[in-house]
Amino acid sequence: MTESPNLPSNNANPADQTPLRTPPSNLSQRAARWGKHRRGVIAVGVTAAVALSATGVVLAQSSQAPKTHAASDTPAPTAPSHASPSPGGTGETSSPTAATREATHALAGWAVHPSPSGDSAVSGAGGPIIDVVRIPALGRNWAQPVYQGTSSEQLRSGLGHFDGTEEAGGLGNFVLAGHRSGIPSPPLRDVDSIKPGASIIVSTPQRITYTYTVTRISTVDPTDVAVTAQVPGQPSATPTKALLTLVTCWPAEGHSKRVVVEAALVSSRGGER
């Protein structure tokens, strides 16, 4: 596996941050919650393996581009995209995609009617929108709705949240998947533009905005489900940090590997959009 260099973790939190969704002070609840998670870790691993593999299968079935790749024992973390670049190379198109419009609609709805429980009343093509993700490195106006699950319908409509992984802002690993090609306007077409130090911004129905900083980018086999563990690479470890992992296919027009973008939570604020 080829990786980009590790960066120091930025654990500084501004004074006016809102609490994480899993309050650090409630140790008994955290312990009970983690014990329950550990009992289900095998099931989560199986789900993740199926989801990682299904992403590649869906892509292979839907993409019309040829799947010819140069042989390499140690592929680069990301490869140049075969998709036609947009003006300026920012990953933006001349008009908003349907997913971007739905993400914008969700943010507007939550601004007026926040959901204290976190259950969103705003739906898109893939079902209820549970979060909205923005990655400035992919374009100033890039935004994607997040749906619960990684079925074909959900991944064609935006980003999918792996069942059994942490929710946004919580201690543990918030794991998302998305297409890089094979569908109209794939959300992660320009994943090459994401570098260590880039920001990933997640907004919730509760009007909380979580900002993560990318710490590492790597490539793994589709069966390497350890990247989706609460502590990536350490399935039996107890999480102590809020993390985000973004998974898509490698190479740009194939699915023989997975690009894994890892990020750590650096700030959380309420009411910002």
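## A walk from helix 3 to the strand 9 hairpin

Start by selecting His105 and Val112 and showing their side chains: both are exposed, on one side of helix 3. Keep in mind as you go that this is a predicted model.

Now extend the selection to the whole of helix 3, residues 98-112. Put a distance between the first C-alpha and the last and you get 22 Å for these 15 residues, close to the 21 Å expected at 1.5 Å a residue. Next, colour Ala99, Thr100, Ala103, Ala106, Leu107 and Trp110, the buried residues of helix 3. Look down the axis: these residues cover an arc of only 120 degrees, which puts them on the same side of helix 3. An α-helix has 3.6 residues a turn, so residues three or four places apart point the same way. His105 and Val112, your opening selection, sit on the other side.

What do the buried residues of helix 3 pack against? Turn on strand 2, strand 3, helix 4 and strand 6, and you have the set of contacting elements.

**Strand 3 and its neighbours**

Pick strand 3 next, residues 144-148. Is this strand mostly covered or mostly open? Covered: four of its five residues are buried. To one partner, strand 2 (residues 127-134), strand 3 is joined by four bridges in the antiparallel sense. For a landmark, select Asp131 together with Val146, its bridge partner in strand 3.

Then bring in strand 4, residues 159-161. Here the pairing with strand 3 is parallel, with three bridges. Gln148 and His161 are a good pair to click on, as His161 in strand 4 is the bridge partner of Gln148. Follow the backbone from strand 3 through helix 4 (residues 152-157) to strand 4 and you trace a right-handed β-α-β unit.

**Into the cores**

Hide the backbone for a moment and show nonpolar side chains. The largest nonpolar core has 28 residues. Centre your view on Val133, Ile194, Ile200, Tyr212 and Val261, the residues with the most contacts inside this core. Which elements give two or more residues to it? They are strand 5 (172-177), strand 6 (199-203), strand 7 (208-220), strand 8 (242-250) and strand 9 (257-270). Strand 7 gives the most, with five residues. Apart from this core lies another, of nine residues; select Val122, Ile129, Val132 and Ala143, which are among them. In soluble globular proteins, nonpolar side chains tend to be buried together.

**Strand 9 and the strands beside it**

Bring the cartoon back and select strand 9. Because 11 of its 14 residues are buried, strand 9 is largely enclosed by the rest of the structure. Strand 7 pairs with strand 9 in the antiparallel sense, and 12 bridges link the two. Zoom in on Arg216 and Glu262: Glu262, in strand 9, is the bridge partner of Arg216.

Strand 8 also pairs with strand 9, again antiparallel, over eight bridges. The pair to click on here is Thr248 and Val259, with Val259 standing opposite in strand 9. As you look along the strands, remember that in a regular strand the side chains alternate between the two faces of the sheet.

Strand 8 and strand 9 are joined by a hairpin through six residues. Step into that loop and select Pro251, which lies between strand 8 and strand 9. What kind of peptide bond joins Trp250 and Pro251? A cis one, with omega at about -5 degrees.

**Three loop stops to finish**

First, Ser185, in the loop between strand 5 and strand 6. Check its backbone: phi is positive, about 50 degrees, although Ser185 is not a glycine. With 44% relative accessibility, Ser185 counts as partly exposed.

Next, go to Arg207, in the loop between strand 6 and strand 7. Arg207 is not a glycine either, yet its phi is positive at about 65 degrees. The relative accessible area of Arg207 is 32%, so this residue is partly exposed.

Last, select Pro235, in the loop between strand 7 and strand 8. Pro235 is partly exposed, with a relative accessible area of 43%. Draw a C-alpha to C-alpha distance from Pro235 to Val225: they are 9.1 Å apart in space and 10 residues apart in sequence.

Terms used:
Residues are numbered from 1 along each chain as its sequence is written. This is a predicted model: local features need pLDDT of at least 70, side-chain atom pairs count only at pLDDT 80 or more; totals for chains, interfaces and linings use all residues. Side-chain values use heavy atoms; hydrogens and water are left out. A nonpolar core is a set of buried Ala, Val, Leu, Ile, Met, Phe, Trp, Tyr and Cys residues joined through side-chain atoms within 4.5 Å. Buried means under 20% relative accessible area, exposed over 50%, partly exposed in between (1.4 Å probe, protein chains only). Two strands pair if DSSP finds at least two bridges between them. A crossover is right-handed if, with the strands pointing away from the viewer, the path from the first strand over the helix to the second runs clockwise. The expected span of a helix is 1.5 Å times one less than its number of residues. The arc is that of the directions from the helix axis to the C-beta atoms. Contact means heavy atoms within 4.5 Å.
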